[in-house]
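Okay, thanks for coming, everyone. I'll put the structure up and walk us through the strands and then the charged pairs.

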Amino acid sequence: MSEDKNKTPLYYPRKMRTGWCVAHEVTAAGVTIERYGIKCRTYTEAFNRAEVMNREQLAETKGTGVQ
């Protein structure tokens with residue numbers, strides 16, 4: 001769900017018990033885990049932060065030439 005062809009992690013909003021957070025999946029040693037990050041009060045705030053983080057990740061990947 002959160003990785004594309006280039007193995008770049010994509011961030012997405014995730015519902016928590018109280019509020020929302022921005023999460024992404026990480027695969028290490030063949031095991032995929034979901035990591036939670038920034039906590040937000042609303043879905044809109046989490047969605048907007050995920051968009052910004054995805055854009056920054058894409059810019060880093062393109063800027064360094066890592067694929």
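Let's start in the middle of things: Arg-14 stands opposite Cys-21 in β2. Before I go on, a word on what you're looking at: this is a predicted model, where local features need pLDDT of at least 70, side-chain atom pairs count only at pLDDT 80 or more, and totals for chains, interfaces and linings use all residues. Residues are numbered from 1 along each chain as its sequence is written, and side-chain values use heavy atoms, with hydrogens and water left out.

So, strands. Strand β1 covers residues 12-15 and strand β2 residues 20-28, and the two pair antiparallel through four bridges. When I say strand or helix, I mean a DSSP run, numbered from the N terminus: E, at least two residues, for strands, and H or I, at least four, for helices. Two strands pair if DSSP finds at least two bridges between them. β1 and β2 make a hairpin with four residues in between, and Gly-19 in that turn has a positive phi of about 90°.

Moving along, β2 is joined to strand β3, residues 31-40, by eight bridges, again antiparallel. Thr-27 sits opposite Thr-32 there, and Ala-28 has Val-31 as its bridge partner. That's a hairpin too, with two residues between the strands, and Ala-29 in the turn has a positive phi of about 55°.

Put together, the three strands give an open antiparallel sheet in the order β1-β2-β3. Which strands stand at the edges? β1 and β3: each has a single partner strand, so one side of each has no neighbour in the sheet.

Now the charged pairs. How many salt bridges does the structure hold? Two, counting a side-chain nitrogen of Lys or Arg within 4 Å of a carboxyl oxygen of Asp or Glu.

Here Arg-14 comes back: its side chain meets Glu-34 in a salt bridge, 3.1 Å from N to O. Glu-34 is in β3 and Arg-14 in β1, so this pair ties together parts 20 residues apart in sequence. Arg-14 is partly exposed at 32% relative accessibility, and so is Glu-34 at 26%. For the record, buried is under 20% relative accessible area, exposed is over 50%, and partly exposed is in between, with a 1.4 Å probe and protein chains only.

The other pair is Arg-49 with Glu-45, closest N and O atoms 3.7 Å apart. They're four residues apart in helix α1, residues 43-64, so about one helical turn separates them. Arg-49 is partly exposed at 35%, and Glu-45 is partly exposed at 31%.
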